[in-house]
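Q: I'm new to reading protein structures, and I'd like a close look at one part of this one. Could you walk me through how the strands fit into sheets, and what sits packed around them?

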Amino acid sequence: MARPVPHPIRPGQLSVWDFPRPPRVERVPGRVQIDFGGVRIADTDDVVRVLETSHPPVYYLPIDAFGDALTLGQGASFCEFKGGARYFDVHGGGGLVAERAAWNYPSPMPGYEVLADRVAVYAGPMDRCIVNGEVVEPQPGGFYGGWVTSDLAGPFKGVPGSMGW
């Protein structure tokens with residue numbers, strides 16, 4: 001498989017190809033909001049994101065920011081960097097439930113401890129996820145949980161043909 005060619009970077013953009021591997025966690029200034037089923041299920045300015053080569057950032061919010069919108073879901077997975085993940089079902093207005101639409105690392109590996117009490121959400125099943133007033137696009141492909149904003153240049157892992165990146 002050919003190595004992808006990074007897209008040109010416009011003024012004010014970051015290339016996901018300059019993000020590190022292993023991933024880096026950083027605090028994000030500003031506000032993140034999530035709407036599901038016509039209601040706001042999270043709204044906070046206490047946000048961190050994980051940056052990893054070829055991926056748009058994954059945003060993690062305090063579990064408390066979701067009130068009663070999360071219940072423990074089925075299954076688990078493992079990340080070689082962050083450790084074991086558990087999944088949550090996300091509850092929105094009108095009784096809507098998005099199964100396994102959020103996850104966290106309750107006992108993260110060294111260097112990722114800040115994620116222990118934080119949750120990330122797949123943008124695709126939500127009405128909208130908003131970072132500093134901008135509605136995000138879900139990371140392509142549906143497997144990864146990154147959020148694409150206009151300040152990013154790709155291509156992004158998850159597009160067809162990116163399995164070997």
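A: Here's a walk through the sheets, then the cores, and finally one lysine.

Keep in mind that this is a predicted model. Let's begin with the open sheet of 4 strands, where the order is 4-3-11-12 and the pairing is antiparallel. Strand 4 (39–44) and strand 12 (134–135) are its edge strands, and each of them pairs on one side only. Look at strand 3 (residues 32–36) next to strand 4: they're antiparallel and share 5 bridges. One spot to find there is Phe-36, which stands opposite Val-39 of strand 4.

Now for the other sheet. It's open too, with 7 strands in the order 2-5-6-10-9-8-7 and antiparallel pairing. Strand 2 (24–28) and strand 7 (70–79) are at the edges with a single partner strand each, so one side of each has no neighbour in the sheet. If you ignore direction, neighbouring strands here are turned against each other by 35° on average. Zoom in on strand 8 (residues 83–91) and strand 9 (residues 97–104): they run antiparallel, joined by 5 bridges. His-91 has Val-97 in strand 9 as its bridge partner.

So what's packed around these strands? In soluble globular proteins, nonpolar side chains tend to be buried together. In this model, the largest nonpolar core has 25 residues, and Ile-34, Ile-41, Phe-66, Val-90, Val-121, Met-126 and Trp-147 have the most contacts inside it. At least two residues of this core come from each of strand 3, strand 4, strand 6 (55–62), strand 8, strand 9, strand 10 (118–121) and strand 11 (128–131). Take Ile-34 as an example: leaving out residues up to four places away in sequence, its contacts include Ile-41, Leu-61, Phe-66, Val-121, Met-126, Cys-129 and Trp-147. Apart from the largest core lies another one, of 14 residues, including Phe-81, Ala-85, Tyr-112 and Leu-115.

Last stop: Lys-82, in the loop between strand 7 and strand 8. Lys-82 is buried, yet it has no salt bridge. Glu-52 is the nearest side chain of opposite charge, and it's 4.5 Å away, while a salt bridge has to be within 4 Å. What does Lys-82 touch, then, leaving aside its neighbours within four places in sequence? The answer is Tyr-60, Tyr-105, Pro-108, Met-109, Tyr-112 and Leu-115. Two names on that list, Tyr-112 and Leu-115, belong to the core of 14 residues.

Key
Residues are numbered from 1 along each chain as its sequence is written. This is a predicted model: local features need pLDDT of at least 70, side-chain atom pairs count only at pLDDT 80 or more; totals for chains, interfaces and linings use all residues. Side-chain values use heavy atoms; hydrogens and water are left out. Two strands pair if DSSP finds at least two bridges between them. Axes are lines fitted to C-alpha atoms, for helices over the stretch in contact, and angles run from 0 to 180 degrees between N-to-C directions. Buried means under 20% relative accessible area, exposed over 50%, partly exposed in between (1.4 Å probe, protein chains only). Lys and Arg count as positive and Asp and Glu as negative; His and the chain ends are not counted. Contact means heavy atoms within 4.5 Å. A nonpolar core is a set of buried Ala, Val, Leu, Ile, Met, Phe, Trp, Tyr and Cys residues joined through side-chain atoms within 4.5 Å.
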